[in-house]
Amino acid sequence: MSAPRRTLDDEAAHVLIVDDDRRIRDLLSTYLRGHGYRATSAASAEEARVFLAHLAFELIVLDVMMPGQNGFDFAAHLRKTSQVPILMLTARGDSDDRVRGLEIGVDDYLAKPFEPRELLLRIGSILRRAKPAPAKPNVALVRFGPFSFSLERGELRANDEVVRLTERERDILRLLSEKSGESVSREALSGSGAAASERTIDVQINRLRRKIEHDPANPVYLQTARGAGYRLVTDG
């Protein structure tokens, strides 16, 4: 798990690693610093909260199984006040845990044991998508009610305010926007990722509805379509 030494600059993304295993914390901190990131580690949810109160982080790598407050409960509590991207690490790999993480609003999920290179790639992907893109003229927009979605930037706005999306939510909304008004099957929306199942798609759709619908139980914009799919109803 060795990595080349690099000089960090002030713009390097700051990653918070939360894991009760000291060996994992030390290895990940060294590895990420060797690949151009700043890294801070915490042994518990309580210690992580102290860091979050005083420092800004671009991403949290969060273990699920920890003494005291577990990763799921910590992520759920954090989501009440923050949309900082979260990548969960766990020894569990079953679909129920993935669904629970998606319901909470984590951005990605990686089961232990994992290859450090895969973790690095996932972190990079999350950070690229989370970074606001510079405004460009003549960008295709899909509008529905007070919302607008940029197909090019993958950016959702409510009037002038950016609505933060997870990577999967952005991909789903882009597919629905490209076929606005048409039914898109769960299979098409699932893509080829680890969370590619009808159940996880339904979970992600429900999270999207909570962000764009006044009453998610009676959706106006993101509707269930015939044939076990979904459609986005736009303004025209």
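Start with the crossing of α2 and α3, which is right-handed in this predicted model. To see it, select residues 45-54 for helix α2 and residues 71-78 for helix α3; their axes come within 11 Å and cross at roughly 30 degrees. Because angles under 35 degrees count as roughly parallel, α2 is roughly parallel to α3.

Now show the side chains at this contact. On the α2 side, pick A45, A48, R49 and L52; they meet F74, H77 and L78 in α3. Sorted by class, the contact of α2 with α3 has five nonpolar residues, one polar and one charged.

Next, move to a second helix pair. Select residues 22-34, helix α1, together with residues 116-130, helix α5: the two pack at an angle of about 60 degrees, and their axes are 11 Å apart. The pair α1 and α5 is therefore oblique. Here too you can check the hand, since α1 passes α5 in a right-handed crossing.

Which residues of α1 meet α5? Turn on L28, Y31 and L32 in α1, and you will find them meeting P116, R117, L119, L120 and I123 in α5. By class, this contact of α1 with α5 has seven nonpolar residues, one charged and no polar ones.

For the last stop, select residues 167-178, helix α6. At 1.5 Å a residue, its twelve residues should span 16 Å, and the end C-alpha atoms are 17 Å apart, which agrees. If you would like to try the distance tool, use those end C-alpha atoms. Then colour the buried residues of α6: E167, R168, E169, R170, I172, L173, L176 and S177.

Terms used. Residues numbered from 1 in each chain as written. Predicted model: local features only at pLDDT ≥ 70, side-chain atom pairs only at ≥ 80, totals over all residues. Heavy atoms only, no water. Axes fitted to C-alpha atoms, helices over the stretch in contact; angles between N-to-C directions. Helix = DSSP H or I, 4+ residues; strand = E, 2+ residues; numbered from the N terminus. Parallel < 35°, antiparallel > 145°, perpendicular 65-115°, else oblique. Left-handed = near helix turned anticlockwise from the far one by under 90°. Contact = heavy atoms within 4.5 Å. Nonpolar A, V, L, I, M, F, W, Y, C, P; charged D, E, K, R; others polar. Expected span 1.5 Å × (residues − 1). Buried < 20%, exposed > 50% of the residue type's maximum accessible area, 1.4 Å probe, protein only.
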